[in-house]
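Reader: I'm new to this structure and would love a close look at one part of it. Could you pick a single charged residue and walk me through its surroundings?

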Amino acid sequence: MSKMSNSRLSDDSIFSDPGESRTAPKMVGSLLTRLGLSRASEKDREQGIQHWLQKNSPNETLKKNLIKNGYEHLLHLPA
């Protein structure tokens with residue numbers, strides 16, 4: 001029996017009504033799930049996050065979570 005993960009639990013927008021706009025992700029797991037990268041390689045995850053960051057501004061919670069999870073190099077933070 002293979003072990004299944006329920007990545008939907010990490011998506012903080014699963015309780016949105018159909019047609020309702022999603023809130024910005026607050027956690028890296030939510031962002032990766034939204035991008036369809038929860039089971040992707042680290043290289044693909046980094047590319048996906050980088051692409052998302054080019055078009056979106058992360059909220060402070062997501063910035064902190066990106067840093068905590070080792071993605072600080074993808075953020076363009078002032079020195």
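Author: Let's take R45, which is buried yet has no salt bridge. This is a predicted model, and in it the nearest side chain of opposite charge, E42, is 4.7 Å away from R45. A salt bridge needs a side-chain nitrogen of Lys or Arg within 4 Å of a carboxyl oxygen of Asp or Glu, so at 4.7 Å the pairing of R45 with E42 does not count as one.

Where does R45 lie? You will find R45 in helix α2, which covers residues 42-55. If we leave aside the neighbours within four places in sequence, R45 is in contact with L32, L37, S38, R39, A40 and Y71.

Y71 is a good next stop. With neighbours within four places again set aside, Y71 touches V28, E42, R45, E46, I49 and L66. Notice that both R45 and E42 appear among the contacts of Y71.

From here we can step into the nonpolar core. Y71 belongs to the largest nonpolar core, which has 12 residues. The other members are V28, L31, L32, L37, I49, W52, L53, L62, L66, L74 and L75. Helices α1 (28-34), α2 and α3 each supply at least two residues of this core. L32 and L37, two of the core residues, are also on the contact list of R45.

For contrast, have a look at T61 in helix α3, which spans residues 60-68. T61 counts as partly exposed because its relative accessibility is 42%. Its C-alpha is 8.8 Å from that of P25, although T61 and P25 are 36 residues apart in sequence.

Now for the whole chain. The protein chain has 3 helices and 0 strands, and from the N terminus on its elements run α-α-α. Of its 79 residues, 27% count as buried. Among contacts with a separation of 6 or more, 36% are between residues 24 or more positions apart. The chain exposes about 6000 Å², and carbon and sulfur atoms supply 51% of that area.

Finally, a word on confidence. The mean pLDDT of the protein chain is 82, with 71% of the residues at 70 or more. Over residues 6-13, pLDDT stays under 50, and the model has 17 contacts beyond four places in sequence for this stretch. Where pLDDT is low, the predicted coordinates should not be read in detail.

Key: Residues numbered from 1 in each chain as written. Predicted model: local features only at pLDDT ≥ 70, side-chain atom pairs only at ≥ 80, totals over all residues. Heavy atoms only, no water. Helix = DSSP H or I, 4+ residues; strand = E, 2+ residues; numbered from the N terminus. Buried < 20%, exposed > 50% of the residue type's maximum accessible area, 1.4 Å probe, protein only. Lys, Arg positive; Asp, Glu negative; His and termini not counted. Contact = heavy atoms within 4.5 Å. Core = buried A, V, L, I, M, F, W, Y, C linked by side-chain atoms within 4.5 Å. Areas by Shrake-Rupley, 256 points an atom, 1.4 Å probe, with all protein chains shown as cover. pLDDT = per-residue confidence, 0-100.
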